[in-house]
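Subject: Handover of a structure and its findings

Dear colleague,

Please find below the structure that I am handing over to you. I would be grateful if you could keep it open while you read the notes that follow it.

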Amino acid sequence: MLEPMNRDEITEQIVLARLAKGLTWQQLADAIGRPVVWTTSALLGQQPIPVESGEIVAELLGLDASVVPVLAAVPMRGGLPTAVPTDPTIYRLYEAVAVYGPALKELIHEQFGDGIMSAINFSVDLARKPHAGGDRVVITLDGKFLAYEWNSAD
């Protein structure tokens, strides 16, 4: 009997199988009827995948059905191998937040009040925008505003 794989091992199998089969993340997203950014995040281990969708992905990628319950389980989210990312693409996003984060925080408070942008009630989109100086990457973060509520002790 094969020993069950953990989520990291399954993620590695997903990436290898996707490449071997020549499938794009968009094709996988279309197959399960979900947005491409969410699907990619889920298949990289950051979102639980509904069982029906997990079954479709497993079949498309030629993975054993035993991966489906692991894909459906709530994952440990947000882990990166280092505190400051070393991958150049992820580092540039980190750098953009480091440079513009304080300004965005101030503007959120000025325009919405004391609160935060939810990353739970949230969507993200990625688009390519043609530009004469080189195509642009457009990332849209769309999170619900959550006001801080200060309750007095009873």
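In these notes a helix is a DSSP run of type H or I with at least four residues, and a strand is a run of type E with at least two; both are numbered from the N terminus. By that definition, arginine 92 lies in helix H6, which covers residues 88-112. Please bear in mind throughout that this is a predicted model.

Annotated positions

Arginine 92 is also named in the UniProt record. The unreviewed entry places the feature "active site" at Arg92, Glu95 and Ser118. Glutamate 95, like arginine 92, lies in helix H6. Is glutamate 95 buried or exposed? Neither word fits, because its relative accessible area is 33%, and values between 20% and 50% count as partly exposed.

The unreviewed UniProt entry also lists residues 79-150 for "domain: Cyanate lyase C-terminal". Over residues 79-150 the chain is 35% helix and 38% strand. The C-alpha atoms at the two ends of that stretch are 30 Å apart.

The nonpolar surface patch

Which residues make the nonpolar surface patch? They are Leu93, Met117, Phe122, Leu126, Val137, Ile139 and Leu141, and the patch has an area of about 650 Å². Two elements give two or more residues to the nonpolar patch, namely strand E1 (115-129) and strand E2 (136-147). Phenylalanine 122 is found in strand E1. With a relative accessible area of 31%, phenylalanine 122 is partly exposed. This residue can belong to the patch because patch residues must have over 30% relative accessible area.

The negative surface patch

A second patch has a negative character: Glu3, Asp8, Glu9 and Glu12 form it on the surface. Glutamate 9 is found in helix H1, which covers residues 7-21. Its relative accessibility is 36%, so glutamate 9 counts as partly exposed.

The segment before H1

Proline 4 lies in the segment before H1. Why does proline 4 count as exposed? Its relative accessible area is 67%, and the word exposed is used for values over 50%. Proline 4 and glutamine 27 are 23 residues apart in sequence, and their C-alpha atoms are 27 Å apart in space.

I hope that these notes help you to find your way around the model.

Yours sincerely,
A colleague

Terms used. Residues numbered from 1 in each chain as written. Predicted model: local features only at pLDDT ≥ 70, side-chain atom pairs only at ≥ 80, totals over all residues. Heavy atoms only, no water. Patch = residues over 30% accessible without salt bridge, like charges linked within 9 Å, V, L, I, M, F, W, Y side chains within 5 Å. Areas by Shrake-Rupley, 256 points an atom, 1.4 Å probe, with all protein chains shown as cover. Salt bridge = Lys/Arg side-chain N within 4 Å of Asp/Glu carboxyl O. Lys, Arg positive; Asp, Glu negative; His and termini not counted. Charge placed at Lys NZ, Arg CZ, Asp CG, Glu CD. Buried < 20%, exposed > 50% of the residue type's maximum accessible area, 1.4 Å probe, protein only. UniProt positions renumbered as here; feature names shortened; annotations may be inferred.
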